Amino acid sequence: MNDYILETQNLGLRYGAFAALGSVDLKIRKGTIHTVIGPNGAGKTTLFHCLTGERTPSSGSIRFAGKDLTRQPPHKRVATGMSRSFQITSLFQNLSVRENLRLAAQGRDGLAALAFWYSDSQRQQHLQKADEILERVKLTALANTCAGDLSHGQQRVLEVGMSLCGDPELLLLDEPTSGMGIDDIPIMTDLISELGKQHTVMLIEHNMRLVMSISDQITVMHQGNILVEGEPDQVRGDERVKKAYLGESGS
Ligand SMILES: Nc1ncnc2c1ncn2[C@@H]1O[C@H](COP(=O)(O)OP(=O)(O)O)[C@@H](O)[C@H]1O
Ligand SMILES: [Mg+2]
């Protein structure tokens, strides 16, 4: 039996002669919070983009839930249960938090809401979904606030909420705390930890306290390849990891 929800084999991406991703064999076990860390430029976001379909790998393959998705477009990946956190720019700043979630529940094509066949009962279903997510991400008190009036940290939480609207099996989060104030980080930490109980989460994150406290498994990347993998305690004490990060600060 295979209990990996996601597996890559020899995954690589070149930009001209430069290998942003060398040859990555990543395995993500179902039901875990699996975090990818590594110094700047290690290839974490490139890996993420290959997984979500924003970039086509130059080599290798991606299997998700038993299917080969290496060359599938992003929307097909979403349909099979993969979801990523949205960019802030995809929030509708002038719409309420609840409306943003309703549109996400309705599907990636928000404009379908304007179509004449969008029935009241569908609308009710999507509102119900929005309310359920509001509870899960603890934004119920701000349901009627314009997204644009939320703090930066709350906007990031809302983005995570939007990625939950399609009931994904695998949730991909690229630096969900980036730009967040230090006071908001525990909120995101608790949220991801909660989500980890119902979804498989692949996280890219640089906040080490968050990473070490909630990850089941950590993959350390360096120069486009996997350097070390293990549980937080194994990774924390690894000399190779320290050296990779020292190289970053020394450059
Ligand atoms: N579009 C691109 N063209 C050329 N090089 C790129 C491009 N995108 C990223 N890179 C390079 O690929 C490497 C990995 O980048 P990235 O995956 O963003 O790293 P990380 O997310 O780990 O900081 C970096 O050296 C970066 O400069
Ligand atoms: Mg990055």
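Me: What makes the place of Leu227 a strand, and which strand is it?
Reply: Leu227 is found in β11, residues 225–230. Strands are DSSP runs of E with at least two residues, while helices are runs of H or I with at least four, both numbered from the N terminus. The run 225–230 has at least two residues, so the name strand fits. Bear in mind that this is a predicted model: local features need pLDDT of at least 70 and side-chain atom pairs count only at pLDDT 80 or more, while totals for chains, interfaces and linings use all residues. Side-chain values use heavy atoms, without hydrogens and water, residues are numbered from 1 along each chain as its sequence is written, and chains are lettered from A and ligands numbered from 1 in the order in which they are written.

Me: Why does Leu227 count as partly exposed?
Reply: Its relative accessibility is 26%. Buried means under 20%, exposed means over 50%, and partly exposed is what lies in between (1.4 Å probe, protein chains only). A value of 26% falls in between, so Leu227 is partly exposed. In space, its C-alpha atom is 8.8 Å from that of Ala244, 17 residues apart along the chain.

Me: Is Val220 buried or exposed, and how do you know?
Reply: Buried: the relative accessible area of Val220 is 0%. This residue sits in strand β10, residues 217–222. Between the C-alpha atoms of Val220 and Ala42 there are 8.9 Å, although 178 residues separate the two in sequence.

Me: And what about Lys138, buried or exposed?
Reply: Exposed, as a relative accessible area of 68% is over the upper limit. Lys138 lies in the loop between α4 and α5. Its phi is near 60 degrees, a positive value in a residue other than glycine.

Me: What does the side chain of Ser96 reach, and what makes that a polar contact?
Reply: It reaches the backbone nitrogen of Glu99 at 3.0 Å. A polar contact is a pair of N or O atoms within 3.5 Å; within protein, one must be able to donate a hydrogen and the other to accept it, and residues adjacent in sequence count only if both atoms are side-chain atoms. The 3.0 Å is within that limit, so the pair counts. Ser96 itself, in the loop between β7 and α3, is buried at 15% relative accessibility.

Me: How do you know which residues surround ligand 1?
Reply: A residue is near a molecule if one of its heavy atoms lies within 4 Å of it. Among those around ligand 1 are Tyr15, Phe18, Pro39, Asn40 and Thr46. Helix α1 gives the most to this shell, with three residues. Oxygen atoms of the ligand lie 2.8 Å from a polar backbone atom of Gly41, 2.8 Å from a polar side-chain atom of Lys44 and 2.9 Å from an N or O atom in the side chain of Thr45.

Me: Why is the largest nonpolar core said to lie between two domains?
Reply: Start with the term: a nonpolar core is a set of buried Ala, Val, Leu, Ile, Met, Phe, Trp, Tyr and Cys residues joined through side-chain atoms within 4.5 Å. This one has 32 residues, of which Leu101, Leu158 and Ile192 touch the most other members. Domain 1 (1–81 + 169–251) and domain 2 (89–167) both give residues to this core, so its place is between them. Those bounds come from an automatic or database domain assignment.
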